[in-house]
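User: Please take a close look at one strand in the core of this model and the strands beside it. I would also like to know how that part sits within the whole.

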Amino acid sequence: MNGLGPTTSICPRCRVVLDAELVERDGRVLLTRTCPEHGSFEAVVYGDAERYAEIQRFSKPGEEPRQRQTEHSRGCPHDCGICPEHEQHTCLGIIEVNTACNLDCPICFADSGTGTAGHGFSLSLEQVESMLDAFVAAEGEPESVQLSGGEPSIHPQILDMLRAARDRGIPLVMLNTNGIRLARDPAFAPALAEIGVHVYLQFDGFEEATQVAMRGKSLTEEKLRALERCEQAGLSVSLAAAVERHLNEHEVGPIVRFGVEHPAVTGVFFQPVTHSGRFRPEADPLDKLTNSDVIEAVCAQLPEWFRDDDFVPVPCCSPSCRSATFALYDGSDLVPLPRLVDVEQYLDYVTNRAVPDLDVREALEGLWSAKAAGGSAPVVERLECVACATAIPAELREVAARGFMIVVQDFQDRYTLDVEKLRKCCVAEIVPDGRMIPFCAYNSVGYREQVRATTGAESGGAVGWRQPT
Amino acid sequence: MAAADLKASCAAAYAHPGVRWLLGGELHPGGPATTRRALELAGLRPGQRMLDVASGSGASALLAAGELGATAVGVEYGEEAVASARDAAAAAGLGDRVEFASGDAEALPVEDGSFDVVLCECSLCTFPDKRRAVEEMRRALRPGGRLALTDVVAEQDRLPAELRGGLATIACVGEALSAEGYERLLADAGFEPIVAESRDADAARLAERVSDRLRGARLLGLGALAELPLPLEEAIAMVGLAREAIADGSLGYAIFGAARQ
């Protein structure tokens, strides 16, 4: 079982469904297909074919959602929302509350910006509430939701929306933000803390060249101020770094080290740039960064802390989608949890090794999951359970539970879309009509454009905050 | 440290649950894979008799009996270890082909010429009188019988002072010999060398694991991890030095195969 062979994909131009093949070439895994109208297309989907084969054993059978919202008509991936062909429930729901942003980043998979009035949307509180209700109906007790955009912090009702999520009993409510409002509005971080929000802070690196290429300007000062305000307010923060080939691969180590040293930061999410929306025109699907490349870069830049086998695939989705690790840390040293607990033994569903303790497996499944973020209450609880099973004395479990989380998540675009893999996706865009569209389908098949066109500007567009005087 | 004290403290350290946790159940570099390789080089066959000198938890004797069909005897200085090895043999259903005895490697409680193979893993370097121990192993072997010795290999004059003598002896480093040193010791005791195989990668992996676990223990605040042979910070520093030495080739691990002439 090397993970190679036939699958289906789409034509990146007309998006018609095509037979496709996962093949190994020069040690990498490529997705190839031919559109009768537009010709052949190839894209790299994993940078290390050996590792790709090796990780296929981290694949947990899918779970049923409580509800499916759409019926089979055109076939996968054109019936999303979730349709009967989908093989997984949703671990993480994403709600994009607006399309407007206070930045105009050259790289933006959501194609957001300052000038979206007239061809974007800003949802009402009622809409977001009904979307949250749809999520609860589908999942029963969803554990994790992220409000995103656009730039959700500039939505005038963002605090009410976040509160609405918390009021529905969702333990991990994340705000995906560029941090500008956090930096400029001193009341914002305390307001988030009062609601109990986890901040998912865009943070791509320190170098000016990186930031100009990705965000259009240098934002270091605002990011640092945002983090300072989060620290003061007692908010926990995950740094979210988009990583692009030939741009900021060399900054992944420094980002992790910075996160480990910063008191507010509890984890780092690395996302190879998905070539959806706006991206660098020179981006080449055969030279795309993938999870194995990011893992290699982290290990090469921090060899005193990491080896590649510290990054264990998340077994809920396809094993090449997301790899993660947790680590004990104290601001200066760090030891990955897999060095102390045989995580692989618990999350390998194929080799069928004996599982010593089913409670520990369940806890590890909850940790190695799209619904997890370092420092969140459910994660702390599960780390305590793991610590307990490793004979760590009770009074020290609190330390063990303070695990730093590092995630490497490769989202698919229309060049890399592997439909078989998509069927196990557990990250969904919740859209205003209550459909839950797998994230990578949303960005590659045309759903984003469709939702944007039909949703329209319903609550009057983005409203800025008042800058403190 | 007096010879008897050293033997006792070595045996006690390796029986300690904290130390076993640090080593992740792998009490010598390479674990069972290296044991298998050593016994392969010694040509142990089903039905033959094998003696394991310093048999510890008994894992290698059980491997020789369970996987390779030998009859095995383990001799171990620590009496508690002997008792738990006996339990392990019974639990594995190998009680009829494996026995353990408490005893000193320098005066083995076995008859002359009664074994086809003698195994001694990662322990000779801790024995105060190595010449005597090797002579005892030779005495236990039948003529033509083979010795599989695995041990830490060190070029003492290249090691930092912290890794020489004292506590480093318990960690199998302080009194380890060079490859030539082991070969000369064996030759002087009447062995004919067959093979020397470097297992430095095993040593590097084990040292990394011990370092990870010590640092993990520090991060957890387990500084008071009861009765570790030395304070956590010192242990971390010492393992760091050992890893550097392994990287520069002055410290390593090897299998030596030899035959009784």
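Analyst: What follows starts from one strand, moves to its neighbours, and then turns to the chains. The model is a predicted one, and every value below is computed from it.

The strand is β6 of chain A, which spans residues 144–148. How many of its residues are buried? The count is 5 of 5, so strand β6(A) is mostly covered. Its side chains divide between two directions: Ser144(A), Gln146(A) and Ser148(A) point one way, while Val145(A) and Leu147(A) point the other way. Residues on either side of β6(A) are buried.

Strand β6(A) has β5(A) as one partner. The two run parallel and are joined by 5 bridges. Within this pairing, Gly93(A) is the residue that stands opposite Val145(A). In general, the strands of a sheet pair through backbone hydrogen bonds, in either a parallel or an antiparallel sense.

Strand β7(A), residues 172–177, is also paired with β6(A), again in the parallel sense, here over 4 bridges. Leu172(A) in β7(A) is the bridge partner of Ser144(A). The connection between these two strands involves helix α3 of chain A, residues 158–167: β6(A), α3(A) and β7(A) make a right-handed β-α-β unit.

Back on the β5(A) side, one residue is worth following. Ile94(A) belongs to strand β5 of chain A, which covers residues 92–96. Is Ile94(A) buried or exposed? Ile94(A) has 22 other C-beta atoms within 10 Å, and a residue counts as buried from 20 upwards, so Ile94(A) is buried. Leaving aside residues up to four places away in sequence, Ile94(A) touches Gln146(A) and Ser148(A), both of which lie in β6(A). Its other contacts are Val427(A), Ala428(A), Glu429(A), Ile430(A) and Phe439(A). For a sense of scale, Tyr349(A) is 255 residues from Ile94(A) in sequence, and their C-alpha atoms are 28 Å apart in space.

Contacts across long stretches of sequence also show up in the count for the chain. Of the contacts in chain A between residues at least 6 apart in sequence, 70% join residues at least 24 apart. Buried residues account for 54% of the 469 residues in chain A. The chain has 16 helices and 16 strands. Its radius of gyration is 21 Å, close to the 23 Å given by the globule rule for 469 residues, so chain A is as compact as a globular protein of that length. Along the principal axes, the C-alpha atoms of chain A fill a box of roughly 65 × 60 × 45 Å.

Chain A also meets chain B: 11 residues of chain A are in contact with 8 residues of chain B. On the chain A side, β12 (322–329) and α13 (397–401) are the elements that give two or more residues. That side of chain A consists of 8 nonpolar and 3 charged residues, with no polar ones.

Chain B has an open sheet of 7 strands with mixed pairing, in the order β3-β2-β1-β4-β5-β7-β6. Its edge strands are β3 (98–102) and β6 (191–198), each paired on one side only. The twist from one strand to the next averages 20 degrees. Inside this sheet, β1(B), residues 49–53, runs parallel to β4(B), residues 115–121, and 4 bridges join them. Leu51(B) stands opposite Val118(B) in β4(B).

Technical notes:
Residues numbered from 1 in each chain as written. Chains lettered and ligands numbered in written order. Predicted model: local features only at pLDDT ≥ 70, side-chain atom pairs only at ≥ 80, totals over all residues. Buried ≥ 20, exposed ≤ 12 C-beta atoms within 10 Å, placed from the backbone. Contact = placed C-beta atoms within 7 Å. Rg over C-alpha atoms; globule rule 2.2 N^0.38 Å. Pairing = 2+ DSSP bridges. Axes fitted to C-alpha atoms, helices over the stretch in contact; angles between N-to-C directions. Nonpolar A, V, L, I, M, F, W, Y, C, P; charged D, E, K, R; others polar. Right-handed = clockwise from strand over helix to strand, strands pointing away.
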